[in-house]
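New to this one? Have a look at the sequence and the model first, and then we'll walk through it together.

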Amino acid sequence: MELFLQEDLCKDLRDIRVVNLIVSILIVVGMLISYLPQHARIIQRGTSEGISPFFILLGTTSATSAFANILLLPQSRQDVACCKELETLHCVAGLLGIAQLGVQWICFTFIFVLFLVFFRYNPSHDPDSQDFDEGEDTPRWQTALLVASLTLLHGLAVIVVSGVLASVAPDKLGLWANVLGVMAALLAAVQYIPQIWMTYHLKHVGSLSIPMMCIQTPGGFLFAGSLFARLGVAGWSSWGIFVLTASMQGILLYMAIYYEIIASRPLQSSPRSHLHANGFDDDVPGRYENHPEHFAETPEHLQAIMDRQESDAAAETAPLLKPGGIGAPKVNYDSTSR
């Protein structure tokens with residue numbers, strides 16, 4: 001009887017739907033590809049400057065909660081148990097839903113690791129940060145340590161609670177899975193707020209990857225659309241969180257592109273006049289410059305320098321520097337005169 005029930009529960013996994021299988025594989029591959037530019041940018045720049053530590057904290061804990069949620073759901077545990085009775089292809093196809101959240105958790109956890117490895121609390125060593133004041137809007141090492149501690153404690157707590165419930169009260173695992181699902185949704189809902197705030201104040205993207213957001217923002221809306229088509233308006237709690245996160249990521253993407261465009265423009269400085277009040281060019285050597293012939297390239301240039309010096313001398317208001325005054329080149333310093 002139990003074998004019959006097991007066979008009946010695993011029947012859906014034996015019926016592979018080609019369209020769903022292709023879509024699921026594309027989602028897994030696309031999710032992996034979307035995170036690679038972020039990994040590469042942090043490694044390439046050698047710094048995680050510009051990435052909010054609280055964005056990392058919320059994103060990692062949200063991904064951890066979501067992955068633990070799908071692992072502990074009764075349907076997921078049933079699918080894993082069915083793999084003992086199924087062929088490898090059917091088992092892999094049935095577990096692609098778990099694989100999607102697993103890839104997301106691995107990719108974001110790797111961002112968390114790179115953030116800590118390449119964290120710099122002294123931005124003066126970063127050539128891309130020379131235009132910013134040291135310490136301004138820059139997270140301190142204590143903040144990075146706090147983020148690392150809270151992230152690790154959260155992961156440890158999820159593992160311990162899940163293990164205890166699995167041993168003592170397996171019937172409570174479903175409730176715990178729902179708690180983790182709500183936690184993941186709440187954390188994801190506010191995940192981008194700290195990053196938007198930091199990018200707005202820094203006015204540059206730093207190590208944040210624009211290609212990653214270009215892939216994930218429309219992907220989030222498409223994923224929300226697919227859930228809406230399946231669940232309808234009644235499933236707003238499922239697809240609504242993806243609409244919210246995709247919208248906030250879209251705002252961050254817009255800001256990042258805007259600041260990149262501004263940074264790529266040449267500095268537009270108003271042309272300044274090179275003429276002094278005396279009518280001579282500002283680039284001509286200053287008053288009473290010794291050996292003006294060293295600055296002249298042509299006889300005309302030398303004459304312009306000498307005319308400039310004579311004009312400045314005539315306009316000098318300090319008596320000691322006027323022609324004939326103390327220190328003037330035409331004064332006779334004969335030591336034999338009385």
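Reading from the N terminus, the elements of the chain go α-α-α-α-α-α-α-α-α-α-α-α-α. That makes 13 helices and zero strands. Keep in mind that this is a predicted model.

Now for the chain in broad strokes. It has 338 residues, and 37% of them are buried. Its accessible surface is about 20,900 Å², with 65% of that belonging to carbon and sulfur atoms. As for contacts with a separation of 6 or more, 75% of them are between residues 24 or more positions apart.

Let's look at one pair of helices. How do helix 3 and helix 7 sit relative to each other? Helix 3 covers residues 18–45 and helix 7 covers residues 96–117; their axes come within 9 Å and cross at roughly 0°. Angles under 35 degrees count as roughly parallel, so helix 3 is roughly parallel to helix 7. On the helix 3 side, the residues making the contact include Leu21, Ile25, Val28, Tyr35 and Ile42, while helix 7 brings in Val103, Phe108 and Leu114, among others. Sorted by class, this contact has 17 nonpolar residues, five polar ones and no charged ones.

Next up, the nonpolar cores. The largest has 34 residues, and the members that touch the most others in it are Tyr35, Ile51, Ile56, Phe108 and Met213. Several helices chip in with at least two residues each, among them those in this table:

| Helix | Residues |
|---|---|
| Helix 4 | 53–72 |
| Helix 8 | 141–168 |
| Helix 10 | 192–202 |
| Helix 11 | 210–231 |

Helix 3, helix 7 and helix 12 also supply at least two residues each. Which helix gives the most to this core? That's helix 7, with eight residues.

Want to zoom in on one core member? Leaving aside residues up to four places away in sequence, Ile51 touches Gln38, Ile42, Ile56, Phe115, Gln195, Met198, Ser207 and Leu208. There's also a second, separate core of nine residues, and Ala68, Leu165, Leu173 and Ala177 are among them.

Last stop: Thr245, which lies in helix 12, running over residues 236–264. Is Thr245 buried or exposed? Its relative accessibility is 14%, so Thr245 counts as buried, given that the cut-off for buried is under 20%. Apart from residues up to four places away in sequence, Thr245 touches Ala188, Ala189 and Tyr192.

Definitions and conventions:
Residues numbered from 1 in each chain as written. Predicted model: local features only at pLDDT ≥ 70, side-chain atom pairs only at ≥ 80, totals over all residues. Heavy atoms only, no water. Helix = DSSP H or I, 4+ residues; strand = E, 2+ residues; numbered from the N terminus. Buried < 20%, exposed > 50% of the residue type's maximum accessible area, 1.4 Å probe, protein only. Contact = heavy atoms within 4.5 Å. Axes fitted to C-alpha atoms, helices over the stretch in contact; angles between N-to-C directions. Parallel < 35°, antiparallel > 145°, perpendicular 65-115°, else oblique. Nonpolar A, V, L, I, M, F, W, Y, C, P; charged D, E, K, R; others polar. Core = buried A, V, L, I, M, F, W, Y, C linked by side-chain atoms within 4.5 Å. Areas by Shrake-Rupley, 256 points an atom, 1.4 Å probe, with all protein chains shown as cover.
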